[in-house]
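Let's walk through this fold together, from the pairing of its strands to its core and its surface. Please keep the viewer open as you read.

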Amino acid sequence: AYTVSVEAKEGGGWKLPNKSYYEYLISVIDGEKPTITFAEEFASKIKVGELLIIPKYEVSDNFSTAENITVMTVVTNPKGMPVYVYGDSNAVRCEYEGVYKIKIFVYDEMGNLTTFETSVTVE
């Protein structure tokens with residue numbers, strides 16, 4: 001929501017100055033979710049000890065700029081332990097056999113959420 005204020009004054013020379021003030025609210029409604037586009041596919045299978053690499057991606061939105069979109073990446077290992085991937089990191093070393101679940105949460109400035117989910121099998 002944005003508040004717009006307008007003030008009008010009469011020009012100089014008047015004995016009694018006249019001033020008007022008006023304020024109103026503009027609501028910007030954004031119901032469209034942001035998008036995430038990957039440069040390549042996730043690997044479907046890797047070996048124990050290898051890195052699970054999250055491919056490069058781009059996020060976009062109809063309202064928010066890319067730098068104002070929040071991205072949170074969580075990789076859950078087969079034992080149920082979440083590993084958060086921060087900053088410029090894009091990989092997690094896989095120490096256990098089983099299925100690693102990847103969830104990427106993308107929030108725009110208005111709070112709209114897109115969730116991407118996939119999994120990688122580690123043998």
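Val75 stands opposite Ile102 in S10. That pair belongs to the contact between S7 and S10, which run antiparallel and are joined by seven bridges. This is a predicted model, in which local features need pLDDT of at least 70 and side-chain atom pairs count only at pLDDT 80 or more, while totals for chains, interfaces and linings use all residues. Residues are numbered from 1 along each chain as its sequence is written, and side-chain values use heavy atoms, with hydrogens and water left out.

**The sheet**

A word on terms before we go on. Strands (E, at least two residues) are DSSP runs numbered from the N terminus, and two of them pair if DSSP finds at least two bridges between them. Strands of a sheet pair through backbone hydrogen bonds, either parallel or antiparallel.

Here, five strands make an open sheet in the order S4-S11-S10-S7-S8, and the pairing is mixed. Its edge strands are S4 and S8 (82-85), each of which pairs on one side only. At the S4 edge, S4 (residues 45-46) runs parallel to S11 (residues 113-122), and two bridges join them. Further in, S10 (residues 98-107) pairs with S11 in the antiparallel sense over 10 bridges. S10 and S11 also form a hairpin with five residues between them, and Gly111 in the turn has a positive phi of about 95°.

If you would like to click through some bridge partners of S11, here they are:

| Residue | Partner in S11 |
|---|---|
| Lys45 | Thr121 |
| Ile46 | Val122 |
| Tyr100 | Val120 |
| Ile104 | Phe116 |

**The core**

In soluble globular proteins, nonpolar side chains tend to be buried together. Which residues have the most contacts inside the largest nonpolar core? They are Leu52, Ile54, Val75, Ile102 and Ile104, in a core of 18 residues. S3 (35-38), S10 and S11 each supply at least two residues of this core, and S10 gives the largest share, four residues. A nonpolar core here is a set of buried Ala, Val, Leu, Ile, Met, Phe, Trp, Tyr and Cys residues joined through side-chain atoms within 4.5 Å.

Ile104 is a good residue to select next. Leaving out residues up to four places away in sequence, Ile104 touches Ile36, Phe38, Phe42, Ile54, Val71, Met72, Thr73, Thr114, Thr115 and Phe116; contact means heavy atoms within 4.5 Å.

One of those partners, Thr73, sits in S7 (residues 70-76). Is Thr73 buried or exposed? Thr73 counts as buried because its relative accessibility is 5%, where buried means under 20% relative accessible area, exposed over 50%, and partly exposed in between (1.4 Å probe, protein chains only). Beyond its neighbours within four places in sequence, Thr73 is in contact with Ile54, Tyr57, Val83, Tyr84, Val85, Lys103 and Ile104.

**Towards the surface**

Tyr107 is found in S10. With a relative accessible area of 32%, Tyr107 is partly exposed. Its contacts, not counting residues up to four places away in sequence, are Pro34, Ile69, Thr70, Asn112 and Leu113. Tyr107 and Cys94 are 13 residues apart along the chain, and their C-alpha atoms are separated by 27 Å.

The loop between S9 (91-93) and S10 holds Glu95. Glu95 is exposed, since its relative accessible area is 55%. Apart from residues up to four places away in sequence, Glu95 touches Val48 and Tyr100. From Glu95 to Lys56 the C-alpha distance is 23 Å, with their positions 39 residues apart in sequence.

Finally, have a look at a nonpolar patch on the surface, formed by Tyr2, Val6, Tyr22, Tyr24, Ile26, Phe63 and Met110, with about 650 Å² of accessible area together. S1 (2-9) and S2 (19-26) are the elements that give two or more residues to the patch, and S2 gives the most, with three residues. Val6 lies in S1 and is partly exposed, with a relative accessible area of 42%. Such patches are made of residues with over 30% relative accessible area and no salt bridge, with nonpolar side chains (Val, Leu, Ile, Met, Phe, Trp, Tyr) joined within 5 Å and like charges within 9 Å. A salt bridge is a side-chain nitrogen of Lys or Arg within 4 Å of a carboxyl oxygen of Asp or Glu. Accessible areas come from the Shrake-Rupley method with a 1.4 Å probe, and for residues only the protein chains shown count as cover.
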